[in-house]
Amino acid sequence: YFEQLTKDIDAEAICVAHHQDDSVETILMNLLRGTGIHGLSGIKPRNGNILRPLLYVSRKEIEQFLASQQQDDVTDSTNLEADVVRNKLRLNVIPQLQDVFPNAVGNILKTAQHISEATTIYDHYIEQTLSRLVDGNSVAIDALLEEPSPESILHQWLSPFGFSSALIENIWQ
């Protein structure tokens with residue numbers, strides 16, 4: 001939709017209003033679904049031509065700013081019903097986490113930042129390793145098996161071709 005919208009209005013990019021709370025919800029959903037390292041670093045500020053300039057502020061901060069400007073905020077009423085996973089996390093799980101760990105949201109975001117930094121190193125290593133091991137559509141299996149985490153390398157090589165995690169695990173086994 002956003003790709004088409006960008007073309008339709010001849011825009012360089014589209015800004016969306018995702019904020020810190022959205023990123024925390026995404027991190028938790030990804031964690032609970034069994035994500036890899038990339039899914040734990042939260043929503044990216046830029047994904048192609050989609051920009052998220054509000055990721056560094058919370059919903060509460062946005063609401064406070066709007067109030068200081070005497071500007072109304074709009075709440076999507078569907079966000080107030082705990083009928084989908086994201087809403088259940090937002091309305092039930094995260095408040096309970098904050099009861100136990102008052103800085104849960106801040107700590108989740110801090111952890112996501114650490115993971116994002118580690119992901120940069122991981123991606124660099126994977127790229128270098130794949131350039132050594134892959135020739136066209138072939139991989140040097142003996143060299144792959146010498147790597148610290150051959151399954152991760154295999155996953156990073158095959159997933160862009162549409163191989164599912166389950167299928168890659170079967171190939172690895």
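Buried means under 20% relative accessible area, exposed means over 50%, and partly exposed lies in between. The model used in these exercises is predicted.

**Exercise 1. Classify E63: is this residue buried, partly exposed or exposed?**

Step 1. Take the relative accessible area of E63, which is 31%.
Step 2. Compare with the cut-offs: buried is under 20%, exposed is over 50%.
Step 3. E63 is therefore partly exposed.

**Exercise 2. Find which residue forms a salt bridge with E63, and place the pair.**

Step 1. The partner is R59, with the closest N and O atoms 3.0 Å apart.
Step 2. Both E63 and R59 lie in helix α3, residues 59–68. They sit 4 residues apart, about one turn of the helix.
Step 3. An α-helix has 3.6 residues a turn, so residues three or four places apart point the same way.
Step 4. R59 also forms a salt bridge with D73, at 3.9 Å between the closest N and O atoms. This pair links distant parts of the chain: D73 is in the loop between α3 and α4, 14 residues from R59.
Step 5. Check D73 for exposure: at 36% relative accessibility, D73 counts as partly exposed.

**Exercise 3. Work out whether the span of helix α4 agrees with its number of residues.**

Step 1. Helix α4 covers residues 85–100, which is 16 residues.
Step 2. At 1.5 Å a residue, α4 should span 22 Å.
Step 3. The end C-alpha atoms of α4 are 21 Å apart, which agrees.
Step 4. Look along the helix as well: α4 bends by about 35° at V93, and a proline, P95, follows within four residues.

**Exercise 4. Describe how α4 and α2 meet.**

Step 1. List the buried residues of α4: N87, L89 and I94.
Step 2. Their cover includes α2 (20–33) and α5.
Step 3. Turn to α2, where the buried residues include V24, I27 and L28. The buried residues of α2 pack against α4 and α5.
Step 4. Add the salt bridge between R90 and E25, with the closest N and O atoms 2.9 Å apart. R90 lies in helix α4 and E25 in helix α2, so the pair ties together parts that are 65 residues apart in sequence.
Step 5. Compare the partners: R90 is partly exposed at 23%, whereas E25 is buried at 2%.

**Exercise 5. Locate T129 and name its contacts.**

Step 1. T129 is in helix α5, residues 104–133.
Step 2. With 1% relative accessibility, T129 counts as buried.
Step 3. Leave aside neighbours within four places in sequence; T129 is then in contact with E147 and I153.

Technical notes. Residues are numbered from 1 along each chain as its sequence is written. This is a predicted model: local features need pLDDT of at least 70, side-chain atom pairs count only at pLDDT 80 or more; totals for chains, interfaces and linings use all residues. Side-chain values use heavy atoms; hydrogens and water are left out. Helices (H or I, at least four residues) and strands (E, at least two) are DSSP runs, numbered from the N terminus. Buried means under 20% relative accessible area, exposed over 50%, partly exposed in between (1.4 Å probe, protein chains only). Contact means heavy atoms within 4.5 Å. The expected span of a helix is 1.5 Å times one less than its number of residues. The bend at a residue is the angle between axes fitted to the seven residues ending there and the seven starting there. A salt bridge is a side-chain nitrogen of Lys or Arg within 4 Å of a carboxyl oxygen of Asp or Glu.
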